[in-house]
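Me: Pick one spot in this structure and take me through it closely, then work outwards from there. Keep it informal, and spell out the cut-offs as you go.

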Amino acid sequence: MAFVDTINPIDTSFLMLCSLLVLLMTPSLAMFYAGMVKSKNTLNTIMNCFIGFGVISLQWIAIGYSLSFGTDSWFGVVGNLEHLFVANTAGVNEHGIPNILFVVFQMMFALIAAAIITGSLVGRIKLGVLVVFLLLWSTLVYDVLAHMIWSENGFLLTRGGLDFAGGGVVHISSGVAGLVGVLIVGARKDNIPYTQGGAHSVPYAFLGAILLFIGWLGFNSGSAGSVDSIAVNAFVVSIVSAASGYLTWVLLEWVIHRRPTILGSLSGLVAGLVSITPGCGFIGVGSSVLIGAIGACICYFGLSFIKDKLKLDDSLDAFSLHGIGGIWGGIATGLFASGAVNPVVVAEGALGEGLFISGEYELLLEQLYAIVICVVLSASISYAIFKTIALFTDLRVDEEVEREGLDSKLHGENAYNP
């Protein structure tokens, strides 16, 4: 495709808006998370979630973008350092969008991926430990997956795998990292799930979730890179899948517990959004209804198994929603991807449509392969990072600090004062 040399004002404005919407996701997630914890840890939860804005933004500018989207340097696994400190990013891309704007748009994805992890570890992890972990994880896991899946010569992309907006890069990787953190750091001393009285402000969590939903539309539709039918499709199916997931979760709670909850319904909303994210640019509206509903069911029972059977303190369900939902979304893409929605699916060299559309299983097998790569890479590297940090310091705050609350003890602030 020939490159243009002037800015396209429509597509550039579109990507600026989408960048703003994706940026909104990180503070929105902080609100969502904060509403679901005890009031004594409200500010610490916000800080943990938003600290990545400073840390990961600078990491992305310094080296992250180059590792993710630089010219391939090692078998499609990682990029070189040609864009170190955003060098060589002048000019515009094939859509007439300034390259530096694309850098910033992709930076927002790195921010939200890091923020998701923090939901598994609220109420007990040291802020300094979390900062070091997120910095190393983003460099060694996120940037590598972004290159393999999204870069032009990425290992998984050239094999034919599809991940339109980050089902594997963002959600599987961060969810798995959160679960590894739970296994190593351990449970909170006063582990009261948010569904059983641990949430101090349900309306606060609701507002955060709705703002997260709005930002997510920029996350998915902006991944098209320009204003076209693919972006519109991603926008529409994201809303439909979210609605389907939301309603399915409400019905599940109603049937099983006779008591539908606001926080449960918000989990269904997020499950629907996560499930559609990897395939939103390849899947039609009808399929998105099924994907959202099935995603909510899988995440609902996965969450119950993790918390009730395994007794793991995945505090705010980062793995249960993002990890499990991302895995289902990757599989669903291999089932429902359609050339009628996006010609890339049936282009020369592609693996073809999903199993339920074409009857062929090549794409589904490739999606499963990519999912395994995402899980193994994030799990192994996350484990190594946590264990290495543990050689130098305790991962948890002192028991007294945890008991009295991290807000007052670590930050010298309280969310609510008399």
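## A close look, working outwards

Reply: Leaving out residues up to four places away in sequence, Gly-405 touches Lys-40 and Asn-41 (contact means heavy atoms within 4.5 Å). Bear in mind that this is a predicted model, where local features need pLDDT of at least 70 and side-chain atom pairs count only at pLDDT 80 or more, while totals for chains, interfaces and linings use all residues. Numbering starts from 1 along each chain as its sequence is written, and side-chain values use heavy atoms, with hydrogens and water left out.

Gly-405 sits in the loop between helix 14 (399–404) and helix 15 (406–411); helices here are DSSP runs of H or I, at least four residues, and strands are runs of E, at least two, numbered from the N terminus. With a relative accessible area of 0%, Gly-405 is buried (buried is under 20%, exposed over 50%, partly exposed in between, with a 1.4 Å probe and protein chains only). The C-alpha of Gly-123 is 7.7 Å from that of Gly-405, although their positions lie 282 residues apart along the chain.

Val-144 is another buried residue worth a stop, at 13% relative accessibility, and its place is in helix 4 (residues 127–150). Its C-alpha is 5.3 Å from that of Val-78, a residue 66 places away along the chain. Apart from residues up to four places off in sequence, Val-144 touches Val-77, Val-78, Thr-139 and Leu-377.

Now for two loop residues with the opposite exposure. Arg-258 is in the loop between helix 8 (229–257) and helix 9 (262–276), and Lys-311 is in the loop between helix 10 (285–309) and helix 11 (318–336). Arg-258 counts as exposed at 68% relative accessibility, and Lys-311 does too at 62%. The backbone is what catches the eye: phi of Arg-258 is near 60°, a positive value in a residue other than glycine, and phi of Lys-311 is also near 60° and positive. For background, most residues other than glycine have a negative phi.

Next, the interior. The largest nonpolar core (buried Ala, Val, Leu, Ile, Met, Phe, Trp, Tyr and Cys residues joined through side-chain atoms within 4.5 Å) has 120 residues, and Phe-32 and Tyr-142 have the most contacts inside it. Helix 3 (residues 99–118) gives the most to this core, with 14 residues. Tyr-142 touches, among others, Gln-106, Phe-109, Ala-110 and Ala-113, and its partners also include Trp-60, Trp-137 and Trp-150.

Helix 3 also packs on helix 6 (residues 167–185), at an angle of about 30° and with the axes 8 Å apart. Axes are lines fitted to C-alpha atoms, for helices over the stretch in contact, and angles run from 0 to 180 degrees between N-to-C directions. Helix 3 and helix 6 are therefore roughly parallel; under 35 degrees is roughly parallel, over 145 roughly antiparallel, 65 to 115 roughly perpendicular, and the rest oblique. Their crossing is right-handed (the near helix is turned clockwise from the far one by less than a right angle; anticlockwise would be left-handed). Phe-109, Ile-112, Ala-113, Ile-116 and Ile-117 of helix 3 make this contact with Val-170, His-171, Ser-174, Ala-177 and Gly-178 of helix 6.

Helix 6 has a second partner in helix 13 (residues 362–390): the two pack at about 40°, with their axes 8 Å apart. That makes helix 6 oblique to helix 13, and the crossing is right-handed. Among the residues that meet here are Gly-168, Ile-172 and Ala-177 in helix 6 and Ile-371, Cys-374 and Phe-386 in helix 13. Ala-177 thus appears in the contact with helix 3 and in the one with helix 13.

Helix 1 (residues 9–35) and helix 7 (residues 202–221) come within 7 Å, axis to axis, and cross at roughly 155°. They are therefore roughly antiparallel, and helix 1 passes helix 7 in a left-handed crossing.

Last, the cysteines. The structure holds 0 disulfides (a pair of cysteine sulfur atoms within 2.5 Å). For Cys-18, the nearest cysteine sulfur belongs to Cys-280, 11 Å away, and Cys-18 is buried at 2% relative accessibility. For Cys-297, the nearest is that of Cys-299, at 9.6 Å, and Cys-297 is partly exposed, with a relative accessible area of 27%.
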